[in-house]
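Please open the model in your viewer and keep the selection tool at hand. The tour below goes from stop to stop, saying what to select and what is there.

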Amino acid sequence: MGLSKGARVAQQMLGDCGIDDPTEIPIELIVSGRGATLRYEPLKNSDGRIVFGEKKSIISVNSNLLFEGRRRFATAHELGHYEMHRDSFEVHNENESTLSWFDDKVNRSKKGIQEAEANQFASELLMPSKVFLEECSSYRFSPDLVRHLSDRFQTSRTSTVFKYMELGSHPICVFYCFNNKLRYWKKSDEFKNFIVDRINLSPPEDSVAAEYFNEGKIYSKSQSKQQIWKSTWFDLKEWEDDMNYNFYEYCIVTPRHNTVISVVWEEM
Ligand SMILES: [Zn+2]
C-alpha cells in the first residue's frame with residue numbers, strides 16, 4: 001500500500017529536521033523550527049486553529065485540553081495544515097469532525113480532503129511508521145499493547161488504534177458508537193469477516209459496547225479484553241459454529257462524550 005500524502009510530507013519533514021523519534025524533542029520546538037508561531041490559549045469548541053499571514057502564521061491550540069495526547073495531536077494537525085495547505089485557506093478552525101478519524105462519506109464531503117491529509121500528517125509525525133512497527137512487531141494485539149504504544153508515543157488511545165489498524169500485523173476492526181448508535185466502522189485490509197450493517201442502529205445486545213450504554217459498565221484495565229461471539233458483530237454462515245471462534249472486544253469509553261470505540265479482533 002502506498003503512503004498517503006500526509007504521511008509522505010511528515011516523513012520528509014522529519015527527515016529534513018533530522019528527527020528519528022518525535023518524543024525526544026518537544027513538539028513546540030518542531031513547530032517553531034518550521035517557522036510557525038505556536039500559542040496555547042483557551043478556544044471555544046475547538047482544539048486548534050491556524051491563521052496564515054504574509055510574514056508569519058499563527059497556530060493556536062486550546063489550552064483547556066485535558067489530555068497530552070489530544071494536545072499533541074491538535075498541534076501536529078495544525079502543523080500539517082501549515083506544511084501543506086497554505087493555499088487552501090487563510091483561517092481555519094478545527095471542530096469535532098475535522099479532527100475525527102471517522103472519515104465517512106458525510107464527514108468527508110463536509111470537511112474536505114485537507115482534514116484527512118492533516119490527520120495522516122499528524123499520525124505519521126507523532127508515530128513514525130518505522131518506529132511504530134519496531135515497537136509492536138513482536139507482540140500480539142491486546143489492550144495492553146495499545147496502552148503501551150500510546151504511552152510510548154504520547155498519543156491518545158484512539159489515534160494509536162487507527163495507526164495500528166493501518167500498520168499492525170494483526171487484523172482488527174473498529175466500531176464507533178455515539179449516544180447508543182453505531183455511527184461508523186473501519187477495518188484493517190486483511191480483516192476478512194463480513195460485518196453486519198447496523199449503521200444508525202444500537203450496538204449488538206451481546207456486545208461490550210451495549211453493556212456500557214445499557215448498564216454503564218466500564219471494565220477495568222485487567223479485564224478490558226472481553227471474549228465475545230463471532231456472531232456478535234459479524235455474519236455467521238449456516239455452516240459455521242460460534243463455538244469454534246475466539247473473538248474479543250476492547251472498548252475505549254469516553255463518558256463525557258458518551259462515545260464508545262470498540263476494537264474487535266480474532267485470535268486463532
Ligand atoms: Zn484541520
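The stops that follow cover the domains, a metal site, two cores and one helix.

**The two domains.** Keep in mind throughout that this is a predicted model. Begin by colouring residues 5-133 as domain 1 and residues 171-266 as domain 2, following the domain assignment of the protein; the centres of domain 1 and domain 2, taken over C-alpha atoms, are separated by 30 Å.

**The zinc ion.** Next, select the zinc ion and show the side chains of His-77, His-81, His-92, Glu-94 and Glu-115, which coordinate it at 2.1 to 2.4 Å. The three histidines, His-77, His-81 and His-92, each offer NE2, while Glu-94 is listed with two OE donors and Glu-115 with one. Along the chain, these donors follow the spacing H-x3-H-x10-H-x1-E-x20-E. Within the site, the pair His-81 and Glu-94 links distant parts of the chain, with His-81 in helix H3 (residues 68-84) and Glu-94, 13 residues apart from it, in the loop between strand S4 (91-93) and helix H4 (105-111); both His-81 and Glu-94 are buried. Why is the arrangement of the 6 donor atoms irregular? The angles that they subtend around the zinc ion run from 56 to 169 degrees, and this makes the arrangement irregular.

**The largest nonpolar core.** Now select Leu-79, Leu-125, Tyr-164, Ile-172 and Val-174, the residues with the most contacts inside the largest nonpolar core, which has 46 residues. Helix H3 gives the largest share of this core, 6 residues, and the core draws at least three residues from each of domain 1 and domain 2. Centre the view on Leu-79 and, leaving aside its neighbours within four places in sequence, look for its contacts with Met-13, Ile-30, Val-31, Arg-34, Ile-59, Phe-121 and Leu-125.

**A separate core.** Apart from that core lies another, of 18 residues, and you can find it by selecting Phe-175, Tyr-212, Phe-247 and Val-260, which are among its members.

**Helix H9.** Finally, stay with Tyr-212 and display the whole of helix H9 (residues 208-215), where Val-208, Ala-209, Ala-210, Tyr-212 and Phe-213 are buried. Adding strand S5 (173-178), strand S7 (226-228), helix H10 (230-233), strand S8 (247-254) and strand S9 (259-266) to the view shows what the buried residues of H9 pack against. At the N-terminal end of H9, Ser-207 acts as a cap, with a side-chain oxygen 3.1 Å from the backbone nitrogen of Ala-210, and just after H9 you reach Gly-216, which takes a positive phi of about 75 degrees.

Definitions and conventions
Residues are numbered from 1 along each chain as its sequence is written. This is a predicted model: local features need pLDDT of at least 70, side-chain atom pairs count only at pLDDT 80 or more; totals for chains, interfaces and linings use all residues. Side-chain values use heavy atoms; hydrogens and water are left out. Domain bounds come from an automatic or database domain assignment. Donors are N, O and S atoms within 2.8 Å of the metal (3.2 Å for Na, K and Ca); water is not among the atoms, so sites may look incomplete. Four donors count as tetrahedral if all angles lie between 85 and 135 degrees; four count as square planar and six as octahedral if opposite donors are over 155 degrees apart and all others between 65 and 115; anything else is irregular. Helices (H or I, at least four residues) and strands (E, at least two) are DSSP runs, numbered from the N terminus. Buried means under 20% relative accessible area, exposed over 50%, partly exposed in between (1.4 Å probe, protein chains only). Contact means heavy atoms within 4.5 Å. A polar contact is a pair of N or O atoms within 3.5 Å; within protein, one must be able to donate a hydrogen and the other to accept it, and residues adjacent in sequence count only if both atoms are side-chain atoms. A nonpolar core is a set of buried Ala, Val, Leu, Ile, Met, Phe, Trp, Tyr and Cys residues joined through side-chain atoms within 4.5 Å.
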